[in-house]
Amino acid sequence: MRRGAPNGKEHVWKACARKGLQVRVLSPPQRNKFLSMLDSLILNKKSIESIYKTICEYHEKYLKQYGVKLPKLYASKGKFTKDALVLVYLAYDYPKTRKVTKEELTKFVRSYYPDTNDVQQARHLGAQSGWWIVAGGRDNIVLNIKRGSYQLYTLEQPYPSFKKGHRVTDTADWGKIKEKYNFRCATCGSQEGKPQFHWSATKTVLQKAHMDPDKPLVAGNIIPQCQKCNRGDRNRWVYDEKGRVIKLANPQVIKTCDREVRKKVYRILYNEFKGKNPNSIK
Ligand SMILES: [Zn+2]
């Protein structure tokens with residue numbers, strides 16, 4: 001049974017073993033029922049408060065500076081908030097976090113909010129509040145997780161694309177970014193203080209450049225670029241971290257494209273918006 005226990009139940013087994021519980025004598029259906037009860041029993045009020053305290057400590061030390069939002073533990077009437085419950089559940093046994101299915105989370109939240117149908121908190125805590133919670137099927141870069149499951153990746157760094165990131169104003173951070181690029185322009189490779197690659201009479205000056213000009217100039221959205229690559233008209237593009245153009249940022253760029261391309265773009269958009277009047281599209 002232990003080997004066959006679904007992911008996320010391991011901790012329950014360990015907890016049972018610690019408490020000397022004889023779970024093995026139960027029949028499989030009894031065991032499953034018992035385990036699903038244990039998920040909420042183990043995280044009693046005291047455990048929740050204790051895990052939340054750990055989260056607060058990490059938040060204070062690593063995440064607050066990036067604007068990551070710490071949910072309140074209690075709502076009115078001394079009831080736990082749903083956000084805190086979900087975060088606590090994911091942070092159980094941190095840093096040895098585990099994959100948690102949406103069903104498991106829903107079941108847990110239901111023990112405090114019986115009317116809960118669909119727990120969206122894990123997703124919101126990631127993308128909107130800045131906690132690095134990996135959602136299956138979406139950002140499978142750091143962890144391999146199936147759709148409908150979540151795992152807290154770390155409490156020491158914010159969610160990578162978190163927009164309210166930490167402003168790179170101090171020279172130490174900017175120095176680190178440049179160092180990562182070996183003091184070269186991410187786009188053309190010209191080295192700081194040396195002649196610019198295409199304009200040998202120009203001395204390369206590295207500037208903080210937006211990857212996406214529509215997002216703030218904060219960590220995660222900054223690449224070093226030389227003064228030639230970081231000209232104002234480059235606000236037309238979105239760059240990746242290697243300084244390559246990956247998207248249009250300014251739709252006016254389409255006017256400079258060949259008619260054949262514009263016709264194709266028109267067909268794509270016409271199909272997407274089903275030929276509706278452009279002013280009626282929200
Ligand atoms: Zn350059």
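Where is F183 found? F183 sits in the loop between α7 and β4, and we will come back to that loop after a look at the rest of this predicted model.

**The chain as a whole**

The secondary structure of the chain amounts to eight helices and seven strands. The chain has 282 residues, and buried residues make up 24% of them. If we take the contacts with a separation of 6 or more, residues 24 or more positions apart account for 52% of them.

**Helix α4 and its surroundings**

A good place to start exploring is helix α4, which spans residues 82-91. This helix is mostly covered, with eight of its 10 residues buried. The buried ones are D83, A84, L85, V86, L87, V88, Y89 and L90. What covers them? The cover over the buried residues of α4 includes the helices α3 (45-63), α5 and α6 (121-127), together with the strands β1, β2 and β3.

One of these neighbours deserves a closer look. Two packed helices are described by the angle between their axes and the distance between the axes. For α4 and α5 (residues 102-110), the axes come within 10 Å and cross at roughly 130°. That angle makes α4 oblique to α5. As for handedness, α4 passes α5 in a right-handed crossing.

Which residues form this contact? From α4 come K82, L85, V86 and Y89, and they meet L105, F108 and V109 in α5. By character, the residues of this contact divide into six nonpolar, no polar and one charged. An α-helix has 3.6 residues a turn, so residues three or four places apart point the same way. With that in mind, it is worth viewing L85 and Y89 of α4 together, since both take part in the contact with α5.

**Strands β2 and β3**

Strand β2 (residues 131-135) belongs to the cover of α4, and β2 is itself mostly covered, with four of its five residues buried. It pairs with strand β3 (residues 149-158) in the antiparallel sense, over five bridges. At A135 of β2, the residue standing opposite is Y150 in β3.

**After α4: D93 and a cis peptide bond**

Following α4 comes D93, whose phi is positive, near 65°. A little further along, Y94 and P95 are joined by a cis peptide bond, with omega about 5°. P95 has its place in the loop between α4 and β1 (100-101).

Is P95 buried or exposed? P95 is exposed, because 11 other C-beta atoms lie within 10 Å, and the cut-off for exposed is 12 or fewer. P95 and Y153 are 58 residues apart along the chain, yet their C-alpha atoms are separated by 8.4 Å.

**Back to the loop between α7 and β4**

Now we can return to F183 and to N182, which also lies in the loop between α7 (171-180) and β4 (206-210). N182 has a positive phi although it is not a glycine, and F183 likewise has a positive phi in a residue other than glycine. Their exposure is set out with the phi values here.

| Residue | Phi | C-beta neighbours within 10 Å | Exposure |
|---|---|---|---|
| N182 | about 55° | 10 | exposed |
| F183 | near 55° | 16 | partly exposed |

N182 counts as exposed because it has 10 C-beta neighbours inside 10 Å. F183, with 16 other C-beta atoms within 10 Å, is therefore partly exposed.

Definitions and conventions. Residues numbered from 1 in each chain as written. Predicted model: local features only at pLDDT ≥ 70, side-chain atom pairs only at ≥ 80, totals over all residues. Axes fitted to C-alpha atoms, helices over the stretch in contact; angles between N-to-C directions. Helix = DSSP H or I, 4+ residues; strand = E, 2+ residues; numbered from the N terminus. Parallel < 35°, antiparallel > 145°, perpendicular 65-115°, else oblique. Left-handed = near helix turned anticlockwise from the far one by under 90°. Contact = placed C-beta atoms within 7 Å. Nonpolar A, V, L, I, M, F, W, Y, C, P; charged D, E, K, R; others polar. Buried ≥ 20, exposed ≤ 12 C-beta atoms within 10 Å, placed from the backbone. Pairing = 2+ DSSP bridges.
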